[in-house]
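Biologist: Please take a close look at the salt bridges in this model. Walk me through them in plain steps.

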Amino acid sequence: MTAKLLLLGGTTEASQLARLLADQGADAVYSYAGRVASPKAQPLPTRVGGFGGVAGLVQYLREHSITHVVDATHPFAAQMSWNAYEACGQLGVALCALTRPAWQAVEGDRWQHVEDIQGAVASLQGVPKRVLLALGKLNLPAFVAQPQHHYVLRLVDTPDVAPPLPHHIVIVARGPFDLAGDRALMQSHDIDVVVCKNAGGIGAEAKLHAARELGLPVVMIDRPALPPRSEISSAEAVLQHLGL
């Protein structure tokens with residue numbers, strides 16, 4: 001049977017794999033979750049939006065005769081990863097994941113590890129501070145519970161609705177980011193603390209280097225539990241795994 005791939009994307013690594021698949025002439029479809037207003041164009045046929053849970057994904061895999069799924073979603077897109085695991089398991093479709101190694105603290109880092117968004121919100125109890133939230137727009141409403149702070153929000157798109165935080169500024173920017181730019185951002189906004197997810201990869205790690213240089217604390221949200229599957233750390237290795 002000829003391989004037909006569904007690439008669950010949205011990350012830099014997914015784009016790298018899409019280019020390699022296109023160069024190989026692979027029969028593959030790139031899927032975006034649809035959370036970004038202007039997603040990056042891909043060299044593969046592209047679909048945008050959810051599948052409708054496990055049942056919807058099962059239906060899609062059947063209708064499109066998908067033989068392989070590569071989960072290259074963001075490490076915090078846990079629901080999609082679990083849906084892919086369940087759907088592929090039901091149909092016997094081969095599944096692997098293109099994953100980023102998690103960031104690791106080094107000497108000079110001042111990280112406070114928390115389990116989830118609620119833990120990050122709780123960590124901000126106390127006197128008003130200037131907080132850089134590098135989390136994406138979906139998690140912003142939770143921080144209403146700590147309204148005393150001034151929040152600097154770095155987002156990929158201008159939000160359709162103003163964030164519900166009483167004191168904030170929105171900076172629209174798309175990575176990858178560099179050390180000089182992130183250091184200047186933190187200095188110009190007098191940032192006291194950085195809040196981020198342990199996304200891993202190189203596209204967004206500059207903020208950690210900048211925080212280290214400036215001696216700023218970082219509230220690091222640890223990764224959620226993900227399903228057991230073959231995890232591969234490079235796009236080239238995925239091609240080898242798939243036999244392409």
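Modeller: Here are the salt bridges, followed by one pair of helices. This is a predicted model, in which local features need pLDDT of at least 70, side-chain atom pairs count only at pLDDT 80 or more, and totals for chains, interfaces and linings use all residues. Residues are numbered from 1 along each chain as its sequence is written, and side-chain values use heavy atoms, with hydrogens and water left out.

A salt bridge here is a side-chain nitrogen of Lys or Arg within 4 Å of a carboxyl oxygen of Asp or Glu. By this rule there are seven salt bridges.

Take Glu 13 and Arg 100. Their side chains form a salt bridge, with N to O at 2.8 Å. Glu 13 sits in helix α1 (residues 12–23), and Arg 100 sits in the loop between β5 (94–98) and β6 (111–114), so the pair ties together parts that are 87 residues apart in sequence. Helices (H or I, at least four residues) and strands (E, at least two) are DSSP runs, numbered from the N terminus. Glu 13 and Arg 100 are both buried. Buried means under 20% relative accessible area, exposed means over 50%, and partly exposed lies in between (1.4 Å probe, protein chains only).

Now move to Arg 229. Its side chain meets that of Asp 71 in a salt bridge, 2.9 Å from N to O. This pair links distant parts of the chain. Arg 229 is in the loop between β11 (218–221) and β12 (230–232), while Asp 71 is in strand β4 (residues 68–71), 158 residues apart. Asp 71 is buried. Arg 229 is buried too, with a relative accessible area of 16%.

Arg 229 has another partner. Glu 231 forms a salt bridge with Arg 229, and their closest N and O atoms are 3.4 Å apart. Glu 231 is partly exposed, at 47% relative accessible area. Asp 71, Arg 229 and Glu 231 are thus linked in a network of salt bridges.

Last, the helix pair. The axes of helix α2 (residues 53–63) and helix α3 (residues 78–91) come within 9 Å and cross at roughly 50°. Axes are lines fitted to C-alpha atoms, for helices over the stretch in contact, and angles run from 0 to 180 degrees between N-to-C directions. Contact means heavy atoms within 4.5 Å. Among the residues that meet are Leu 57 and Leu 61 in α2, and Met 80 and Ala 84 in α3.
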